[in-house]
Each structure stands twice: as structure tokens, then as C-alpha cells.
Amino acid sequence: MEQVLRDYPLPPSEGDNLGSSLREIWAENRSDEKQQIKALLESVDASFLPNYMDWFGNDVADGHSRNADRSVVSKFLQALPADLSTTKLQEMVRLMTEKRFPAAFKCYHNFHKINSVSSDSLHFKMVIHVHSDSAFRRYQKEMRHNPGLWPLYRGFFVDVNLFKNNKGIAAESSQEVNYGSRTNAKDGLANEDANLMIKLKFLTYKIRTFLIRNGLPVLFKQGEAAYKAYYLRQMKIWNTSAAKQRELSRMLDDWAVYIRETYGHEQLSSFSYLSEAEPFLEQYAKRSPKTQALIGSAGSLMRDLAIIEGSRGKERDIVPSSPTPMVKEVIRKDEGLIVFFPGIPGCAKSALCKEIMSAPRGLGDDRPVHHLMGDLFEGKYWGMVAEKRGKEPYSVILADKNAPNRGVWRQIEDMCRRTKASAIPVVPDSEGTESNPFSLDALAVFMFRVLHRANHPRNLDKSSPHAGYVLLKFYDLYHGKNRNEFEAELIERFGSLVKMPLLEPNRAPLPECVRSTLQKGLDLYGRLKPTQDTYSEWPEWETQLRETLLQNVEYLNSIQVSFESSVESVLKQLKAVVKGEYTTPNTEQPSFGTIVYAAVNLPVSSFLALLDTLDGQDPKVEGFLKDKDLRSSLTQAHLTLAHKRSHGVTAVANYGPYVNKNVPINMNALLFSEKSAALEAEPGVVDGEKLSSKNEWPHVTLWTAKGVAAKEANVLPRLLAEGKATRVEINPPITITGVLRVFLNFVLVGLASLIFYFNFVSCLC
């Protein structure tokens, strides 16, 4: 985005008033959440958001809540079906509700059809979600007795239209019902609820999931002819009519050409396929009314609903008799193995390889292990690895070279196919950022390690004047994928993933001086994209980097997991993969979560140091702490700012602009009783604005007695007034800095929660 703005600068404003910023608009309307969202949406350009009907409907819809009445499902079951599809869905829903299957049937007003809504015609979205695998086993039993039942899937969405039987619709619908069901139309009009006809349409879920997403590996790895064979086989399984097969084939052939031209030979990730599929389907649907009917809903609505569906794994084509077990695939001893490292210089891959080489029995079998250190070889490293594989096809090769991109991964895949081998990627564990699988904390540690080593074979050490730039270049090679997408693609390509522990989970936040220095380097790299001829631009930043890291040596050492424990963890994971005891890690991003509370996460080490100080200064504190092992029991600390249950969702969402920002917290006093202890806390200033906690008594809970809930610390001020607690003032107050987070309870949610989530995200803007 920054590059585009540089290449195509905005015309001079010549005094034009651009109006309020989004943050100013958000602050001006803070008292009313709905008005806040409307104001934000109205402020953006119409081309970005033509209307906000999806958020609130229009005046006609204002009488409807976003959640439809629970009676919709019962009315749906009582109504006269208009076609065979409706009949079959009714049959499925009726069976599952009568047998009390563990499933949810939720209905929401369809604001996309708001112009068609009247008192005699209502449009809904029905979301069906199966909660437990036991439902599939029970449903299969029912299918044995009734083979005509529709197959059951984990979750799907349906457009439902309930409308009165009038204006000639009844005759047309009755003919369809007589064709697809034995329901008697005359009997069906006995009461008002039954005098509702139903028109139903499955959203084209199968097209997107089975024909497009699940066909991506076939299309990119085997070509368009294999992809065509794949989707025709799927349609044959579904008993798709010949006419519909022809229509779908034309569309899928166009899709194959479009996506191959867009991505070439680089496979589109199954996690991001909708970002390409929906615009394509949307344009394809506009060709004619026939293609519109084939595609159904497309664009942003389908992307939103696909997110609700929540399961990105492959769906069941048939109902399973039991949950599918994890297949433990043992790496065969008559095959070779390549261990490689998608990492960055300084990630300790060479040191790790040396430890693996010296481990008794290597990876747990008798195959020879070879350490091929990339820094010691001239020429094409991966060609040399392939040559070694050819000479010793049953060996284990530790490919000690950073493998940062798809081009290298494809070489390794080809090598595995040609030489009959498996490959295991080993990656440094890191939370990552929105656009990079490695966080700035990880990058700081990598740079710190590189600038403290000497005599590196490639001179990438403290003697190199360009070490910082080289690491930025490697970091940039991973740009464009978040952590989940990065890990998911590696697992999809190689079937497994080993994580090398890197950072302590309860570490203090990255110091602002380190963060700003790294960000300055990334900005400089993005602006200049230097070559060796333009290194003259970098000396000032390289000097600043070394000085900043040197000033934070203690911090950078403290946040790293010990090398011994990292080696132990990696060896254990590698042996598990080799033995077939490996379980694929969950790389899915949670679909959406219910926002629970906002809090400032604080470093435990700072509190332990504070208590040590108080222990030596005040005998009352010393007496209280003498029989308490807080170093073991205090594993996390936070200051709650607002909680959904106590203060409402809007109060939590109002902290959105400050998420992930450093917040200074003043500790003013220590309060303790026989059952709990806490520090009286006061949030400081962030971006020029004083933050405050919604809690009556802002505090950080440090300890509770066995069986006592942490929330009991809230009563310490009352106990103090009653003489049952002690207060020790901290003068002057101690400031501890933490990071503001919003915590979510990750569960599958319906459209109403989805809408709130977008409201919350708008606050983040």
C-alpha cells in the first residue's frame, strides 16, 4: 500500500476539508454503538460500501431483529413445501429435531432480500450446524431404514422463503409438491401456519467446498485434465444430471484457466481460496440469469457465511459410521528422509543439527544421518542435496540451509518424489504478525544472535557491516503469510511440521526502542529495496540496531527458551514423526469468538521483583509472604479493564483502538487478607489519552488461597474497611508496562455474533 501511494501520490488538496478521521468519528459517537457504526460506515466512500443494509437492514427491516424468532424452525416444519428440495430438507430437520440430535438450527433475517419482504413473505437464512460426531452415527442408522434421506454434513446454510399461499402461487407450488411428496395440499391449508408455502435454495456450498477448494491440489499439481476428471467424478457421485454437469463443467473450466493464469504454478492456499473464488463467481454469475441461478449468492455474503461455517477441513461426502481416526503413517525405513529449515539466519538450525548428529541412535532408527551445512558449500546447494540423496537413498539428511519460499519447497517435493523420500520442515515457533509468520520479537532474537557470533563461514556475524540488512531481506521473503497460513501450507505439502521452541510464552513486551528500530529498518527496506550497490543508505540504521540491541542484552537473553529444552523438544517431535506417532497440529484460525473481556497483560517477572522489594522494606509484607511460594503459583498477571458480563460488550469494544499497544500501569498499594492478595493499579496514558478501568477497584490479583476464586480479590477494599485486610502503600508508585489484549471465547457462532464481530472490528479502525 505504501509503495502504491508513493508511485501514485494523491493530488494536492488545495485547502479541501477532508473531514473527521475514523477515530474522531468513533469517539464522537461513543455513547451509542449502533450510531457509532452507522457514522463510520457513512463516512467511507460509496464505492467501498454502497449501503449498510447488511448491518441494519433498511426502514422496512427496522422492525425485525437480527435474530429471527425461534418459531421459524417450527413454522418451517409445518409449512407446505414448494418443491422436492424443500421436502427433503424438512424431512432431515424434522428427523433431527424429533430424535434430539446434537445439532443447532438457527434462523436469521436475510437483509439481502429486504426489498422482497412483506407481511406475507419473509426471507431467512437457516444455519444448520452438527455439534457432535455421534449425530453422524445415529443418522446413518436412520438412513439404513430410509435410504431416501439426504446425506448429513457438519454444517451448511439455506435460503428459506416463507410466504402465504395466494396470488396464484399455490397452484404452481402444489404441482411441485405433488411431484415430490405425498403431502396433501388441501389438508396442508388447515391453519394459518400451514398456510405458508416454502421456497428453499441451498447456497452453492458444494461448488465452493468440493469442486473448487478440494480440487486445488489436483489442479495445481496434476493439471487441468486431471482436475476435470476430479470434478466429473464428484458430480457422478452426487448423481448430478447431465444438463447440470454441462453447466458446471463450463464454469469450472473457466475457473481453472482463470486461477492458473493468476497464480501460475504456485498453488492457491485452501485458507485463502475464497478471496479469489468469490470475485470470479460473482463475475461469472453476471453473464446471464442462467449462470446467476447456477452460482447463487456470491461475493462478500458468501465469504462471511463461509467464515461462520468454521471448519476448513475437507467435508464428508457421505455420512461416516464413526469419527475418522487419525492415520499414523510411519516413515518407512527403506525410504530416505530430509529434515529442512524454513527459517531465518540466527534461528539456531546449525547448532540444532550438531545436537541431532550427536544424539544416541539419531532419530530412533539405524539409518545413517548426514549433516549438509549450506554455508560450507559453493554452487547450487539443493542440487548437491539431490546428488547425495541419489548416492544414499535410505539416509537421513539434515539440510542445514534456510528454505524460505515456495520455490525451494517445490524443489524438495520434487526431490522426494524422484528419490523416494519424505521431508520434515522444522520451523522456529513464533506467534507471527498479520502478514509474516515471524513476530518482531523473533526477528530481534535472530538479529541479536547473529550480531553476537564470530567466524561465521559466510561472514554473517558481528564483523559484517550489513548483517541487519541481510536478516531484513530474509524476513521479507516470508512476507504475505500469517503464521497459520504458513504452517498450514507446509503441512499440506509435507504432511508434518516440527516446531522449535524459541520465545518464553510469559515474556515481557518487546521494548519500544527495539520495536521502533526494527520497524524503521523494515520501512527503510520497503522503501529502498537495496542491492549491494546501495548499501551506503544503511550504515546509520545498522549502527542504531547494534546500539539498541546492546542496551537490551538482559531482556533479549531472558525471553529465549533455553537451547537445551529446544533441542529436547525438537528431537522428541522428530522421533514421533518417524515412528508414526505424530498428530497434525491445529493450524486453523478460530472462526470467530465471543468477546469476553479487555485486559492489560503484564510480565510476571516485574511483580516478583516488586514483591521482593516490598518484602525487604515492610515486616507486614514479609510476614504475609513467608509461607507462600509465589514464584511457582504466579504464572500470569493482568489488569482487567472491562468484562462483557459486568460492563457490556460495547464497553469491551471501546478499547479496540488500543489493542496490542503498550500500556503503563502504576502500582499504588498492596492489599492482602487471609484469602487473597492484589495490587491496587491505575492505567496510564496511551496515544495521549488516559485509559481507565471499568472496574470499581482496578487491581492485579497476585494470590488466592486454595479453593478461592480470583474474583474474590474484588472484596479486598471492603475487607480493609472492616479491618480484615491490610494495605501497604507503594510510595512512589511503581510503573509496570504491559500489552492491551481483547480476549475471545472461541466458539462457532451464528450470523448475529458475526455482525457484532464486524462492529467490533470497525472500532479497531
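Is Asn714 buried, exposed or partly exposed? Select Asn714 to begin the tour: this residue is partly exposed, with a relative accessible area of 39%, where buried means under 20% relative accessible area, exposed over 50% and partly exposed in between, for a 1.4 Å probe and protein chains only.

**Before going further**

This is a predicted model, in which local features need pLDDT of at least 70 and side-chain atom pairs count only at pLDDT 80 or more, while totals for chains, interfaces and linings use all residues. Residues are numbered from 1 along each chain as its sequence is written, and side-chain values use heavy atoms, with hydrogens and water left out.

**The whole chain**

Colour the chain by secondary structure, and you have 33 helices and 18 strands in view; helices (H or I, at least four residues) and strands (E, at least two) are DSSP runs numbered from the N terminus. Of the 765 residues of the chain, 48% count as buried. Contact here means heavy atoms within 4.5 Å, and among contacts between residues at least 6 apart in sequence, 77% join residues at least 24 apart.

**Around Asn714**

Return to Asn714, which lies in the loop between β17 (699–704) and α32 (716–721). Leaving aside its neighbours within four places in sequence, Asn714 is in contact with Trp697 and His699. If you add Val700 to the selection, the C-alpha to C-alpha distance from Asn714 is 9.8 Å, and the two residues are 14 residues apart in sequence.

**The open sheet**

Next select β7, β8, β6, β9 and β10, given here in their order across an open sheet of 5 strands with parallel pairing; two strands pair if DSSP finds at least two bridges between them. The edges are β7 (369–373) and β10 (498–500), each of which pairs on one side only. Neighbouring strands of this sheet are turned against each other by 20 degrees on average, with direction ignored.

Now show helix α17 (residues 349–358), which packs on the sheet and touches β6 (336–341), β7, β8 (396–402), β9 and β10. The direction of α17 makes about 165 degrees with that of β8, where axes are lines fitted to C-alpha atoms, for helices over the stretch in contact, and angles run from 0 to 180 degrees between N-to-C directions. Within α17 you can pick out Ser350, which is buried, with a relative accessible area of 16%. Apart from neighbours within four places in sequence, Ser350 is in contact with His371, Met373 and Asp400.

Move on to strand β9 (residues 421–428), which runs parallel to β10 and is joined to that strand by 3 bridges. At this pairing, Val427 stands opposite Lys499 in β10. With β6, strand β9 pairs in the parallel sense over 5 bridges, and Gly336 has Ala421 in β9 as its bridge partner. Strand β9 is mostly covered, since 7 of its 8 residues are buried.

**Two helices and a core**

Select helix α20 (residues 440–450) together with helix α21 (residues 467–477), which pack at an angle of about 140 degrees with their axes 10 Å apart. Their contact is made by Leu440, Leu443, Phe446, Met447 and Val450 of α20 and by Ala467, Gly468, Leu471, Leu472 and Tyr475 of α21. These residues divide into 9 nonpolar, 1 polar and no charged, with Ala, Val, Leu, Ile, Met, Phe, Trp, Tyr, Cys and Pro counted as nonpolar, Asp, Glu, Lys and Arg as charged, and the others, Gly among them, as polar.

Which residues touch the most other members of the largest nonpolar core? Of its 58 residues, these are Phe340, Trp382, Met447 and Leu518, a nonpolar core being a set of buried Ala, Val, Leu, Ile, Met, Phe, Trp, Tyr and Cys residues joined through side-chain atoms within 4.5 Å. Helix α20 gives the most to this core, with 9 residues. Centre the view on Met447, which, leaving aside neighbours within four places in sequence, is in contact with Gly468, Leu471, Leu472, Leu518, Trp541, Leu545 and Leu549. Apart from the largest core lies another, of 42 residues, among them Leu625, Leu679, Ile730 and Ile736.

**A last helix pair**

Finish with helix α12 (residues 224–237) and helix α13 (residues 242–263), whose axes are 11 Å apart and which pack at an angle of about 145 degrees. By class, their contact has 9 nonpolar, 2 polar and 4 charged residues.
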